[in-house]
Amino acid sequence: MCDIMKDLPGHAMRPHLDNNHIIMQTVINLVDNPSSTDIYSFADNEPLYRSSKEQNRGVTFLNTPGAVHGITNKDHDRYILYSALMYQ
């Protein structure tokens, strides 16, 4: 699966794990974005890692129990390429 996505201002996804059928994800910025995909630990609300906000950069991660991630897009449109490797 591969989608071009536009997140509107105010879009947020609290730290979460994805469904079990997702094996791996990639998020690439199509423009310089004001917000990034953040990776969290189970024990802390502060991100362990913040992916790049620069155009043509992003993050790829496996959907494991340690892959807690989220996004907070406060006041700008956010344009990304989202890709997921899934099994059925």
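**Pockets, salt bridges and a sheet**

Sorted by class, the residues lining the largest pocket are seven nonpolar, six polar and three charged. Here nonpolar covers Ala, Val, Leu, Ile, Met, Phe, Trp, Tyr, Cys and Pro, charged covers Asp, Glu, Lys and Arg, and polar the others, Gly among them. The model is predicted, so local features need pLDDT of at least 70 and side-chain atom pairs count only at pLDDT 80 or more, while totals for chains, interfaces and linings use all residues. Residues are numbered from 1 along each chain as its sequence is written, and side-chain values use heavy atoms, leaving out hydrogens and water.

**Exercise 1. Find the residues nearest the centre of the largest pocket, and the elements that line the pocket.**

Step 1. On a 1 Å grid over the protein atoms alone, a pocket is an open set of points (1.4 Å probe) with protein on both sides within 12 Å along at least five of seven lines; lining residues have an atom within 4 Å of a point.

Step 2. Of the 16 lining residues, Met-13, Gln-25, Val-27, Ile-80 and Tyr-82 lie nearest the centre.

Step 3. Strands 1, 2, 3, 7 and 8 each give two or more residues to this lining. Strands are DSSP runs of E with at least two residues, numbered from the N terminus.

**Exercise 2. Work through the salt bridges: which residues pair up, and are they buried or exposed?**

Step 1. The structure holds four salt bridges, each a side-chain nitrogen of Lys or Arg within 4 Å of a carboxyl oxygen of Asp or Glu. Let's take three of the four in turn.

Step 2. Begin with Asp-77 and Lys-6, whose side chains meet at 3.7 Å, N to O. Asp-77 sits in the loop between strand 7 and strand 8 (78-86) and Lys-6 in strand 1 (residues 2-7), so this contact ties together parts 71 residues apart in sequence. Asp-77 has a relative accessible area of 30% and Lys-6 one of 45%, so both fall in the partly exposed range between buried (under 20%) and exposed (over 50%; 1.4 Å probe, protein chains only).

Step 3. Next come Asp-7 and Arg-78, with their closest N and O atoms 2.9 Å apart. This pair links strand 1, home of Asp-7, to strand 8, home of Arg-78, again across 71 residues. Both Asp-7 and Arg-78 are buried.

Step 4. Finally, Arg-50 and Asp-38 meet at 3.0 Å, N to O. Arg-50 is in strand 5 and Asp-38 in strand 4, twelve residues apart. Arg-50 is exposed at 52% relative accessible area, whereas Asp-38 is buried at 6%.

**Exercise 3. Lay out the four-stranded sheet: what is the strand order, and which strands are at the edges?**

Step 1. Two strands pair if DSSP finds at least two bridges between them.

Step 2. The order is 2-7-4-5 in an open sheet with antiparallel pairing. Strand 2 (12-16) and strand 5 (49-50) are the edges, each pairing on one side only.

Step 3. Now look inside the sheet. Strand 4 (residues 38-40) is joined to strand 7 (residues 68-72) by three bridges, and Tyr-40 stands opposite Val-68 of strand 7.

**Exercise 4. Which residues from Exercises 2 and 3 return in the lining of the second largest pocket?**

Step 1. Read the lining: Pro-34, Ser-35, Ser-36, Asp-38, Tyr-40, Pro-47, Arg-50, Lys-53, Thr-72, Asn-73, Lys-74 and Asp-75.

Step 2. Asp-38 and Arg-50, the salt-bridge partners, are among these residues, and so is Tyr-40.

Step 3. By class, this lining has three nonpolar, four polar and five charged residues.
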